[in-house]
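Here is a friendly walk through one structure, written for someone who likes to check backbone angles and contacts. Please keep the viewer open as you read.

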Amino acid sequence: MDAAPTAAERAAVDELVGPPAGEGRVAFAGFHQAAAQRHLLLPTLQAVQRAIGWVSPGALNYLCERLIVPPADAYGVATFYSLLSTEERPALVVHECTDIACTAGTLTAGAHASPCLGQCEQGSAVFVQEAGRPDRAIAPAPPEVIAALLRGDDVTPERSPPLRHPGPLTRRIGNYDPSDADGYRAVGGFAALEAAKSMGAAQVIAEVKASNLRGRGGAAFPAGVKWEAAAAEPARPRYLAVNADESEPGTFKDRILMEEDPFAVVEAALIAAFATGASHIYYYVRGEYPTAAARLTDAIEQCAGLVDGVTAEVRLGGGAYICGEETALFNSIEGFRGEPRQKPPFPTQAGLFGKPTVVNNVETLVNVLDIVTGGGAAFAGVGTEQSTGTKLFCLSGAVERPGLYEVPFGTSLRELLDLAGGPGDLRAVLLGGAAGVFVGPDALDAPLTFEGVRVIGATLGSGVVMPFDDSADMGRILRRIAEFFRDESCGQCVPCRVGTVRQEEVLERLLAANGDRAEHTALLDDIARVMVDASICGLGQTAAGAVQSALRLGLVDGTPR
C-alpha cells in the first residue's frame with residue numbers, strides 16, 4: 001500500500017510547487033507542462049528534509065505526483081545526495097568535519113562524519129540539520145561545542161578573521177555591512193555595472209578578453225573566450241550558472257566572498273549576464289553554506305531590476321562534490337542525478353536545458369568588476385603574461401595564521417607561506433586540495449602561476465595551500481584523501497567507480513606493509529593511469545594525483561621513488 005503524505009509533508013511540497021489543482025491552481029495541460037517543473041525536484045526534496053528531518057515514502061510519493069516524476073527517478077535523485085536521507089533518523093543531526101584540514105580528524109561520539117565543510121581557516125567545523133529549523137554551519141567546533149550542539153544547545157563560537165591579506169578583489173570585505181546595498185554603493189559598488197551598460201555588451205567582452213582573465217576554479221579556461229562563444233550562439237534563452245559548489249577539501253575562498261561581499265558577486269554576475277545575453281542566473285551554492293546562500297539571496301532581491309530582462313535565483317547543492325563539475329551541476333539543477341555529461345557539445349552551445357550557458361565560479365566573476373572599471377589592459381599588467389591579476393589562496397594546515405590571502409600571480413610559495421607563518425620544519429605542501437598534488441620543500445621558490453606550478457608537476461586548482469610539518473600523520477592523510485574520492489565518485493563510469501575503490505584498498509595494504517611494497521606501488525600506478533586516461537570527468541582524472549605525488553616524495557616511508 002502506498003504511503004500517504006502528512007499535512008506537514010504536503011505543505012513543504014506545496015510551498016514550492018504551488019497549491020494542487022482545485023486549490024487556486026490550473027491543472028496541468030499534459031506531461032510536457034509538468035516536465036517543466038522537474039527542475040524543482042531537488043529543492044522540493046530539500047524542503048521536505050528541512051520540515052521533517054528526512055524524506056519519507058509519503059513525501060516522496062506526493063512530490064512525484066505533483067511534479068509528475070517517476071518514483072524510481074525521484075528515489076535515485078534523493079539517494080544521490082549525502083545531505084538527504086530516505087531513512088528516518090533523529091530530528092537533530094550534527095555533521096562533523098573529519099577531513100585533512102580539521103584538527104585531529106577524529107569523530108565525536110554522536111556526530112556524523114563529514115567531508116570538508118569549507119571552514120578550514122577555523123580549524124574545525126560542523127554542519128547542523130534539525131527538523132523545523134534552517135540548516136546551520138558552525139565553526140570553530142571543538143569537542144565541547146559539538147557536545148553542546150548534540151544536547152540541543154545553541155552556540156555561537158568566536159571565529160578568527162577569515163581574511164588575512166587583502167588585495168583588489170577583497171578590498172571591500174569588512175568595510176560595509178553585507179546586508180546593505182547602500183553600504184555597498186558607498187564603497188564603490190555598482191560602478192562597474194553602470195560602466196558596463198555604458199560601454200555595451202560587445203565592449204565588455206572585449207575588455208574581459210584583453211584582461212586574459214582565466215578561470216579560478218581549477219580549469220583556468222579564458223573567461224572572455226567562453227563569454228564570446230556563448231554570446232555568438234543564436235539559441236534562446238541563454239543562461240549564466242554561477243558555480244559556488246565549493247567542495248574541494250581545503251577551499252573556502254568563494255564562501256568568504258559570498259558571505260562578506262555578496263553584492264560584488266551579484267553585480268559581477270549581472271555584468272556577465274548583460275554581456276552574454278543571459279536572461280536567467282542560477283547561483284548554485286554548496287548546501288553546507290547556509291550563511292552564504294542567505295546573504296546571496298538577500299543581495300539578489302535588493303538588486304532585482306538592475307538589468308532589464310535578467311532574473312536570478314539561488315539553488316542549493318545537496319552534498320555531492322561531483323556537482324562542482326559544470327555538466328553535473330546542470331543535471332542537478334534540472335532535477336536529475338548530478339552525473340557529468342559527455343562533451344561535446346560544450347556548455348556554451350548546449351548547457352542548462354539544452355541552451356547556451358556560461359559557467360563561472362565566484363572568484364572568476366568578481367574579478368570582472370575591476371576589469372570593467374579599470375580596463376582589461378590594466379588588469380593584465382598585474383601578475384604574468386599567462387597568469388594575470390591576483391589570486392585568492394586558502395591557507396590552512398601547519399600555519400600560524402590560517403585564512404584567505406590575496407596576492408599577485410607570481411608570488412612564490414615561500415613568500416606566501418611566510419605571510420601565513422608557515423612551519424619551520426616543513427615536510428610537504430598540498431597544492432590544489434585533494435584533487436591536487438603534494439610538493440616538497442624544494443618547490444618553495446616556485447612562482448604561484450598557472451605556468452609556474454606546471455613546471456614542478458603541480459596545479460593551482462582551487463587555490464588550496466596546505467602545508468604539513470614533521471608531526472603530520474601522512475598515512476592518515478592519504479587514507480582520508482583516498483576515502484574521499486571513493487565516497488564522492490558518482491559511479492557513472494567504471495574507471496572512476498572501480499578505480500577509486502581499488503586505490504583505497506591497495507593504499508591500505510601498502511600502508512600496512514602487507515606484502516611487497518613495490519608490487520603495491522606498481523598497482524597504484526596502473527590504477528592511476530587508467531583513471532586519468534579513461535574517466536569521464538575531472539574527478540576520476542585527478543583522484544590519484546595526491547596519492548601518487550606523496551609516494552613519489554616518500555612521505556609515507558621516507559623512500560622517494
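How many of the 13 residues of helix 15 are buried? In this predicted model, the count is 10 of 13 for helix 15 (residues 362–374), so this helix is largely enclosed by the rest of the structure. The buried positions are V362, E363, T364, L365, V366, N367, V368, L369, I371 and V372. Just after helix 15 comes G375, with a positive phi near 95 degrees.

**The nonpolar cores**

The largest nonpolar core holds 136 residues, and W227, Y283 and F438 are the ones with the most contacts inside it. Helix 12 (residues 262–276) supplies the largest share of this core, with 11 residues. A second core, separate from that one, has 24 residues, among them F393, V429, V439 and L448.

W227 is a good residue to select in your viewer. Setting aside neighbours within four places in sequence, W227 touches V204, I205, V208, A272, A275, T276, V358, N360, L365 and V368. Two of these names, L365 and V368, have already appeared among the buried residues of helix 15.

**A helix pair**

Two packed helices are described by the angle between their axes and the distance between the axes. For helix 11 (residues 253–260) and helix 13 (residues 290–302), the angle is about 40 degrees and the axes are 8 Å apart. Angles under 35 degrees would count as roughly parallel; helix 11 and helix 13 are therefore oblique to each other. The crossing of helix 11 past helix 13 is left-handed. On the helix 11 side the contact is made by R255, M258, E259 and E260, and on the helix 13 side by T291, A292, R295 and L296. Sorted by character, the residues of this contact are three nonpolar, one polar and four charged.

**K197 and its surroundings**

K197 sits in helix 8 (residues 191–199). Is K197 buried or partly exposed? Its relative accessibility is 34%, so K197 counts as partly exposed. Leaving out neighbours within four places in sequence, K197 is in contact with F274, L306 and V307. The C-alpha atoms of K197 and I271 are separated by 8.3 Å, although these residues lie 74 residues apart along the chain.

**Backbone points to check**

Most residues other than glycine have a negative phi, and most peptide bonds are trans. Which backbone sites have a positive phi without being glycine, and which peptide bonds are cis? The table gathers these sites.

| Site | Feature | Value |
|---|---|---|
| F190 | positive phi | near 75 degrees |
| N212 | positive phi | about 55 degrees |
| K343 and P344 | cis peptide bond | omega about -5 degrees |
| P344 and P345 | cis peptide bond | omega about 5 degrees |

F190 is found in the loop between helix 7 (181–186) and helix 8. With a relative accessible area of 6%, F190 is buried. N212 belongs to the loop between helix 9 (201–211) and helix 10 (223–232). At 25% relative accessibility, N212 counts as partly exposed, since buried means under 20%.

P344 lies in the loop between helix 14 (326–334) and strand 9 (357–361). P345 has its place in the loop between helix 14 and strand 9 as well.

Conventions. Residues numbered from 1 in each chain as written. Predicted model: local features only at pLDDT ≥ 70, side-chain atom pairs only at ≥ 80, totals over all residues. Heavy atoms only, no water. Axes fitted to C-alpha atoms, helices over the stretch in contact; angles between N-to-C directions. Helix = DSSP H or I, 4+ residues; strand = E, 2+ residues; numbered from the N terminus. Parallel < 35°, antiparallel > 145°, perpendicular 65-115°, else oblique. Left-handed = near helix turned anticlockwise from the far one by under 90°. Contact = heavy atoms within 4.5 Å. Nonpolar A, V, L, I, M, F, W, Y, C, P; charged D, E, K, R; others polar. Core = buried A, V, L, I, M, F, W, Y, C linked by side-chain atoms within 4.5 Å. Buried < 20%, exposed > 50% of the residue type's maximum accessible area, 1.4 Å probe, protein only.
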